[in-house]
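Hi,

Here is the structure I promised to send over. Have a look first, and then read on for what turned up when I went through it.

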Amino acid sequence: MTSLVGHDAQAQTLLAAASSGRMHHGWILSGPRGIGKASFARAMALRLLADAAGPKIAGEGLDVPESHPIRRLIEASAHPDYAELAPLEKDGVTARNISVDQVRGLQRLIQSAPSLSSRRIVVIDSADDLERGAANALLKTLEEPPADMIFLLVSHAPGRLLPTIRSRCRTMRFDPLSDSAMATVLRREDESLSGPELDALLRAGEGSPGRALRYAGLDLAGLEKSLLAIAADGDPGNRERLRLAKALAGKAAKPRYEAFLERAPAFIAQAARTRHGPALGSALDHWEAARHLAGGAVILSLDPAAVVFELGGHVAALAEAAT
């Protein structure tokens, strides 16, 4: 379990609530997908359980020494007072939802006394994935929570949760990470990242390490360089568009092709933010067309080379609109 990067204010708020002896039983950790809410929930659970069992951890962060017995238990999935719910994986396929049986499986933890301290913790990643029956089963526990039991509910879209669940929890908002925090996380995953590729991942991630890491190893900087070249002069001879279409058309290039499907409309949207009047209207029209094309390309099994060339045309139109 590596050190958590970012979200210091949220950590201090929850640790202060826990030390006050008036810790609320339910917390919704809300914010964009991929910014580290689930990692925060697990780190917070470890810190709270370690503090409760002792020896108490010094400092305001969530780091727990590797030698701490509670850390070793949680990393071995052997802590009797901790549970985590997430969609199950079977035969390499992850289920779409958290089932009602998974929530009912918490009854052993809920009905038994804590084993190692006065505290029990459940992390749900994510609460958005609860089946309707599972959400109702969880609600019953949130309505009459056991003493010293804490629920940490990760949510990318709190509006999708049952209003009754939201009303019984406190919501804590998580914001996208800063570029410096993002860079720390990305370099932790790949020490060789630097220069243009790191900068490209930072732009693509928009404060979400999870989103940025989806593009790792795909030469995102190279794709951005091509988009910039096309947008600069409109690619009058179609040379760059044809080169890019050929490079992304093969089966081996599928990951880069899918990255291009996401980044081309985003590139147009970013350009639109700097424009006004007719130029803005034109950029938005091309963004909408590019988004529609990219969104259906894989589902409709469209020819990759043709799709890349057409998307490049929408990018090229930025040059004409700017004149």
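The protein chain splits into two parts: domain 1 covers residues 7-173 and domain 2 covers 218-321. Bear in mind that this is a predicted model. The C-alpha centres of domain 1 and domain 2 are 41 Å apart, and the C-alpha atoms of the chain as a whole fill a box of roughly 75 × 45 × 40 Å along the principal axes.

Some overall numbers, before the details. The secondary structure of the chain adds up to 15 helices and 7 strands. There are 323 residues, and 47% of them count as buried. If you take contacts between residues at least 6 apart in sequence, 71% of those join residues at least 24 apart. The accessible surface is about 16,400 Å², with 51% of it belonging to carbon and sulfur atoms.

On the annotation side, the unreviewed UniProt entry puts "domain: AAA+ ATPase" on residues 23-177. In the model, that span is 33% helix and 19% strand, and its end C-alpha atoms lie 26 Å apart.

Now the backbone oddities. As a rule, most peptide bonds are trans, and most residues other than glycine have a negative phi. Here are some places in this model to check against that.

- G54 and P55 are joined by a cis peptide bond, with omega at about -5 degrees. P55 sits in the loop between α2 (37-53) and α3 (69-75).
- D125 and S126 are also joined by a cis peptide bond, with omega at about 0 degrees. You'll find S126 in the loop between β5 (120-125) and α6 (132-143).
- H7 is not a glycine, yet its phi is positive, near 60 degrees. H7 belongs to the segment before α1 (8-20). With a relative accessible area of 8%, H7 falls under the 20% cut-off and therefore counts as buried.
- S301 has a positive phi too, near 55 degrees. S301 is in the loop between α14 and α15, and its relative accessible area of 64% makes it exposed.
- E206, which follows α9, has a positive phi near 50 degrees.

While you're looking at E206, scroll back along the helix that comes before it. Which residues of α9 (195-205) are buried? They are E197, L198, A200, L201, L202, A204 and G205. And what do they pack against? The buried residues of α9 pack against α8 (179-189), α10 (209-213), α11 (220-233) and α13 (254-272).

Back in the stretch annotated by UniProt, have a look at Q102. Q102 is in helix α4, residues 100-104. Is Q102 buried or exposed? Its relative accessible area is 13%, and buried means under 20%, so Q102 is buried. Setting aside its neighbours within four places in sequence, Q102 is in contact with L85, A86, L88 and N97.

The other spot to look at is the α14-α15 loop, where S301 also sits. I299, L300 and L302 make a nonpolar surface patch of about 320 Å². I299 is in the loop between α14 (277-297) and α15 (304-322), and at 71% relative accessibility it counts as exposed because the cut-off for that is over 50%.

L302 is found in that loop as well. Its relative accessible area is 33%, which lies between the 20% and 50% cut-offs, so L302 is partly exposed. Not counting residues up to four places away in sequence, L302 touches Y257, L293, G296, A297 and V307. One more distance for this residue: L302 and I268 are 34 residues apart in sequence, and their C-alpha atoms are 21 Å apart in space.

If you only have time to click on a few things, try these:

- the cis bonds at G54-P55 and D125-S126;
- α9, with its buried residues packing against α8, α10, α11 and α13;
- the patch made by I299, L300 and L302, with S301 and its positive phi in the α14-α15 loop.

Cheers

Definitions and conventions:
Residues numbered from 1 in each chain as written. Predicted model: local features only at pLDDT ≥ 70, side-chain atom pairs only at ≥ 80, totals over all residues. Heavy atoms only, no water. UniProt positions renumbered as here; feature names shortened; annotations may be inferred. Helix = DSSP H or I, 4+ residues; strand = E, 2+ residues; numbered from the N terminus. Patch = residues over 30% accessible without salt bridge, like charges linked within 9 Å, V, L, I, M, F, W, Y side chains within 5 Å. Areas by Shrake-Rupley, 256 points an atom, 1.4 Å probe, with all protein chains shown as cover. Salt bridge = Lys/Arg side-chain N within 4 Å of Asp/Glu carboxyl O. Buried < 20%, exposed > 50% of the residue type's maximum accessible area, 1.4 Å probe, protein only. Domains from an automatic or database assignment. Contact = heavy atoms within 4.5 Å.
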